[in-house]
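I opened a fresh notebook page for this one. Here is what I looked up, in the order I got to it.

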Amino acid sequence: MSSATVTRWSRRYVAVGALSLFGWQLAVFLGAGRATGVALGVYGFVFHVVFGKAYALVPSYFDRDLAVPRAPALQFPFVVVGTACLAVATVPGVPPLVRTAGATLWAAGVALFCGALGWTVRDNLTGAETGTGDANAHRRWVDRVANAFVPVALAYLLLGTYETLAMASPLPALVGRGSRRRPTSSPRAGR
């Protein structure tokens, strides 16, 4: 696959992000719950745009080519179907298996994404080599600092994805599950 193919897939991610943004706003207009908004707004809109732009830009920031050019095409169905399942799972009456399937598909897609970008920058984790041209040589230090945080962002994405999977499965949560529990009694319960 060529860089033109990676660019086409990048555009597809951004297109799904735009459709998810529209779906999110439509869901809000129709009175869907907050969980539906999170699924469509965060997983659908924000992350699909991030995936698309990262495939197109991160390798060049590190002065590399995407090490696994098929990664965008491989990841795409996992995150699109995973997002759809996570959004549908918020509808009352939908079996919990849909949420588990969505979280599992999402996690597989994120693993592909992080693996492809991680493998691409594996020999330049600090971002010392940049794609900054000579015309902007005075800005290379800024690019090096920014590049050093890309592996941190990927690690954060993996942690958040684990939490998504833990919330939909028997896996132990790191932080999320406890914050979602409602207290069994409240000061107003006796009134």
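At what angle do helix α1 and helix α3 pack, and how far apart are their axes? Before answering, I jotted down that I'm working from a predicted model.

**Entry 1: α1 against α3.** I took α1 as residues 3-29 and α3 as residues 71-88. The two pack at an angle of about 15°, and their axes lie 9 Å apart. Angles under 35 degrees count as roughly parallel, so I wrote α1 down as roughly parallel to α3. I also noted that the crossing of α1 and α3 is left-handed.

Next I wanted the residues that touch. On the α1 side I listed Val 6, Trp 9, Arg 12, Tyr 13 and Val 16. They meet Ala 71, Pro 72, Ala 73, Gln 75, Phe 76, Val 79 and Val 80 of α3. Sorted by class, this contact has ten nonpolar residues, one polar and one charged.

**Entry 2: α2 against α4.** I moved on to α2 (34-61) and α4, which covers residues 96-121. Their axes come within 11 Å of each other and cross at roughly 20°. That angle makes α2 roughly parallel to α4. Here, too, I put down a left-handed crossing.

Which residues of α2 and α4 meet? From α2 I found Tyr 43, Phe 47, His 48, Phe 51, Ala 54, Tyr 55, Val 58 and Pro 59. Facing them in α4 are Trp 106, Val 110, Phe 113, Ala 116, Leu 117 and Thr 120. By class, I get twelve nonpolar residues, two polar and no charged ones in the contact of α2 with α4.

**Entry 3: a pocket.** I then checked the second largest pocket, with a volume of about 240 Å³. It has 13 lining residues, and those closest to its centre are Ser 3, Val 6, Tyr 55, Asp 65 and Leu 66. I had already met Val 6 in the α1 contact with α3, and Tyr 55 in the α2 contact with α4.

Which helix gives the largest share of this pocket's lining? I found that α2 does, with four residues. Both α1 and α2 supply at least two residues each. By class, the lining has seven nonpolar, four polar and two charged residues.

**Entry 4: stepping back.** I finished with the whole chain. I count seven helices and zero strands, so to speak a run of α-α-α-α-α-α-α along the sequence. The C-alpha trace spans about 70 × 30 × 30 Å along its principal axes.

Definitions and conventions:
Residues are numbered from 1 along each chain as its sequence is written. This is a predicted model: local features need pLDDT of at least 70, side-chain atom pairs count only at pLDDT 80 or more; totals for chains, interfaces and linings use all residues. Side-chain values use heavy atoms; hydrogens and water are left out. Axes are lines fitted to C-alpha atoms, for helices over the stretch in contact, and angles run from 0 to 180 degrees between N-to-C directions. Angles under 35 degrees count as roughly parallel, over 145 as roughly antiparallel, 65 to 115 as roughly perpendicular and the rest as oblique. A crossing is left-handed if the near helix is turned anticlockwise from the far one by less than a right angle, and right-handed if clockwise. Contact means heavy atoms within 4.5 Å. Ala, Val, Leu, Ile, Met, Phe, Trp, Tyr, Cys and Pro count as nonpolar, Asp, Glu, Lys and Arg as charged, and the others, Gly among them, as polar. On a 1 Å grid over the protein atoms alone, a cavity is a set of points where a 1.4 Å probe fits but cannot get out, and a pocket is an open set with protein on both sides within 12 Å along at least five of seven lines; lining residues have an atom within 4 Å of a point. Grid points are joined across faces, edges and corners, and a volume is the space filled by probe spheres set on the points.
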